[in-house]
Amino acid sequence: MNKVDSINAMKEMLLAERGAAAGVRATASPDVRTLGDILARHGRAAAQIIGILQDVQAVFHYLPEPEVRFISGELDIPLTRLYAIATFYKAFRLSPRGRHEIALCMGTACHVRGAERVKDAIERALKIQAGETTGDMRYSFETVRCLGCCGQAPVMMVDEELVSRLDHLTVGTALEKYK
Amino acid sequence: MNVYEAFKREVAREQLRNVEIKATGCHGFCEKGALVVVHPQEILYTQVKPGDVPEIVAKTLKKGEVVERLLYLDPATGKRIKIEGDVPYYKRQMRLILGGNTRIDPSDIRDYIALDGYQALRQVLEHWKPRAVIRTITKSGLRGRGGGGFPTGLKWETARASKGSRRFIICNADEGDPGAFMDRSICEGNPHSVLEGMIIGAYAVGAHEGFIYVRNEYPLAVEALTVAIEQARECGLLGENILGSGFSFDVTISRGGGAFVCGESTALMASLEGKPGEPRAKYVHTVEKGLWEQPTVLNNVETWANVPKIVLGGVDWYTAIGTGDVSSDPWGGSKGTKIFSLVGKIKHTGLVEVPMGMTLREIIFDIGGGVLNGKKFKAVQTGGPSGGCLPESLLDLPVDFDALTEAGSMMGSGGMIVMDEDTCMVDVARYFIDFLKDESCGKCLPCREGLRALLEILTRITEGNGKKGDLKLLEEISEGIAATSLCALGGSAPNPVLTTIRYFRNEYAAHIRDKQCPAGVCKALLHFKVLAEQCTGCNACSKVCPANCISGKAKGIHAIEEARCVKCGACYDACRFEAIAR
């Protein structure tokens, strides 16, 4: 996520928190049923918050504000603390993702085998920078640190699929099959 | 996986009854996957495709014949090798921990039990006092495989002696070092070996609750561990009254959120408590006051997997492997084996397990087969992002905890990244500092601001704006960060800068003084152009150029329009006449 996004997200959250304190209801409503299941799976334990947020993200592909707000109320954890956790850990995102999520590995093995050139090539092909989502919501592109598949470097994950031994000359066309 | 399905189909079709197909964990020889081993002959087939399966079934399984063309071809002798153990990649290894991976279906506890699994636990619960377990582990000289190299037995002893209402056992599977994946491999391929180690450890220190903190990026590892825990519970190996001994212990899996610093013990514990993973000062050690302020033993995956081996094999057997003398002092040497992930510009990438004390040269050249594509070896980076880069002159260094630290690097979790002449050492230093700057939690100033300053200078150098005195400044800042940071992340963060300056000063000089990148990596210092006298006009370069900035007719001399060049290097790689200069 870029800086502007994260600042906007924080601003929205803080404004909404103050609004909630003043008795103003947030407009969007959370998916209470899904959240109920997730909370139950973790025994509604506040210490399990990282796992809870991970499960929420697994459903929505990001942490939607109404859902986070709901959890904050249910587990009695201040929204600011959830924000601290969501921004500290790399796994969490506060903005919606594209239909296909590309995670390019920038681990050391990939780096020495040319991941930087692959990154440039993907950025050229999708016309976005790492960390962004295309305007048509087709792709989100981000770089990650080591997927642990160093033997097949350079690698990326597209959604659940591992694509290995990438080449900067062909990676652009390889992405076209993800509609 | 397709190969596995093909075997199942084929064996069912042929109605073979005495054949069992196992989907095992990683064999470690990633370069030559998919790998198939036929027992009991131990015939190794490499690069197997689903289409090869009918032939293997028809020849090897039914008639006992060998499919020659699928055997491993030894590039040194040009001969094919039949037996897994004879392949040079495996021959020099000692696979105490990884060995199980090739014979065990991780989703079936019976496989592990059939290979002496949980025998160590049974022995301990039936015949050993907790103190005897601790004494054995201390005497064995086992040191933490996660990077710290702290004697495991001493850790356990302190935890046992510390006061607390509860005690905790943690397995650190937050394998954050880029370039290292042995913990993933063990968790996925042999999860019960980790569980057994943890249960024995829990018994020794008197803990009843355990956690495995595993990266969320490793979904297969999470799955394998979850299944393993369930099966262990069903067999009475976890839970109340384990094997009727009266001792109770259970394990919970906790998934990490993707923060490198959470490999640090206090940060990991903060994360387990549901907080941002920021380390704290360790004036009180976590073995005394760790998770929820209680005595806590945290060991790495590989360390836990060593424990059952030591219990079964005994101290004398274990201390015969490795370097130094630990009979009176567990710090006196490095015992047992260590798993390295051999990656980067190397022929045989994969996981290798060797006795401590083997030299870098043996690991990289004898096992790893040397540098990829016949290029020249430049450096090997050990110890993860905060390890160091060691040059060719140190290739005969024996690899153990103490020798690596003396050379300015460290064991770390066992990443071993080989770099060749096409790797720029200044860029590598910049890369690691960039990584560490991102991963610094920001709590303490030297790490947060110091790394930012180092990155600024290194970036300046790679962009051709290096100044006289930059090296001295880098060294000064590095010393400051190392001396004053709160945790080991900051404490060791300057290692990549210091070792590259120490061993590759020339390359820094080339960037700073001559504004050149000898390895051809730093983009700002590269200027691609066509050498008219060499160019044959073959069009190979213009065909691959993603920016379409190379002009020239067939058979005519080509030209690169530098303003539009994206400096991807495709033309340089494509040219067969050395007609592109950079």
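Just after helix 1 of chain B comes B:Gln15, a residue whose phi is positive, near 50°. The structure that contains this residue is a predicted model, and the report below moves from this helix to the rest of chain B, then to the contact between the chains, and finally to chain A.

## Helix 1 of chain B

Helix 1 of chain B runs over residues 2-14, and its 13 residues reach 18 Å from the first C-alpha to the last, which is close to the 18 Å expected at 1.5 Å a residue. The buried residues of helix 1 of chain B are B:Val3, B:Ala6, B:Phe7 and B:Glu10. They cover an arc of only 100° around the axis, and this places them on the same side of helix 1 of chain B. The partners against which these buried residues pack are strand 1 (36-38) and helix 2 (53-63) of chain B.

## Chain B as a whole

Chain B has 23 helices and 19 strands. Its radius of gyration is 26 Å, close to the 25 Å that the globule rule gives for 582 residues, so chain B is as compact as a globular protein of that length. Taken along the principal axes, the box filled by the C-alpha atoms of chain B is roughly 85 × 65 × 40 Å.

The table sets some values for the two chains side by side.

| Property | Chain B | Chain A |
|---|---|---|
| Helices and strands | 23 helices and 19 strands | eight helices and five strands |
| Buried residues | 53% of 582 residues | 39% of 179 residues |
| Share of contacts (separation of 6 or more) made by residues 24 or more positions apart | 68% | 65% |

## Strand 8 and helix 7 of chain B

Strand 8 of chain B, residues 296-300, is mostly covered, since five of its five residues are buried. Both of its faces are covered, with B:Thr296, B:Leu298 and B:Asn300 buried on one side and B:Val297 and B:Asn299 buried on the other. Strand 8 of chain B pairs with strand 5 (residues 168-173) of chain B in the parallel sense over five bridges, and within this pairing B:Asn172 stands opposite B:Asn300.

Strand 8 also appears in the surroundings of helix 7 of chain B, because the cover over the buried residues of that helix includes helix 6 (130-140), helix 9 (191-205), strand 8 and helix 12 (301-313) of chain B. In helix 7 (residues 152-161) of chain B, the buried residues are B:Thr152, B:Gly153, B:Lys155, B:Trp156 and B:Ala159. Seen down the axis of helix 7 of chain B, these residues fall within an arc of 160°, so they line one face of the helix.

## A loop residue of chain B

B:Ser440 lies in the loop between helix 16 (425-439) and helix 17 (445-462) of chain B. Is this residue, B:Ser440, buried or exposed? B:Ser440 is buried, because 24 other C-beta atoms lie within 10 Å, and a residue counts as buried if 20 or more do so. Leaving aside residues up to four places away in sequence, B:Ser440 touches B:Cys447, B:Arg448, B:Leu451, B:Leu489 and B:Gly490. B:Ser440 and B:Ile169 are 271 residues apart in sequence, and their C-alpha atoms are 26 Å apart in space.

## Where the chains meet

The contact between the chains takes 40 residues from chain B and 34 residues from chain A. On the side of chain B that touches chain A, the elements that give two or more residues are strand 7 (250-256), strand 11 (337-344), strand 15 (415-420) and helix 16 of chain B. The residues on this side of chain B divide into 17 nonpolar, 16 polar and seven charged.

## Chain A

Read along the sequence, chain A follows the pattern α-α-α-α-α-β-α-α-β-β-β-β-α. Its five strands appear in an open sheet with the order 2-3-1-4-5 and mixed pairing. The edge strands of this sheet are strand 2 (132-133) and strand 5 (161-163) of chain A, each of which pairs on one side only. Strand 4 (residues 156-158) of chain A is joined to strand 5 of chain A by three bridges, and the two strands run antiparallel. In strand 5 of chain A, A:Glu161 is the residue that stands opposite A:Val158.

A:Gly73 is found in helix 4 (residues 65-75) of chain A. With 12 C-beta neighbours inside 10 Å, A:Gly73 counts as exposed, because the cut-off for an exposed residue is 12 or fewer. A:Gly73 and A:Tyr83 are 10 residues apart in sequence and 14 Å apart in space, C-alpha to C-alpha.

Technical notes:
Residues are numbered from 1 along each chain as its sequence is written. Chains are lettered from A and ligands numbered from 1 in the order in which they are written. This is a predicted model: local features need pLDDT of at least 70, side-chain atom pairs count only at pLDDT 80 or more; totals for chains, interfaces and linings use all residues. Helices (H or I, at least four residues) and strands (E, at least two) are DSSP runs, numbered from the N terminus. The radius of gyration is taken over C-alpha atoms; the globule rule is 2.2 Å times the number of residues to the power 0.38. Two residues are in contact if their C-beta atoms, placed from the backbone, lie within 7 Å. Two strands pair if DSSP finds at least two bridges between them. The expected span of a helix is 1.5 Å times one less than its number of residues. The arc is that of the directions from the helix axis to the C-beta atoms. Ala, Val, Leu, Ile, Met, Phe, Trp, Tyr, Cys and Pro count as nonpolar, Asp, Glu, Lys and Arg as charged, and the others, Gly among them, as polar.
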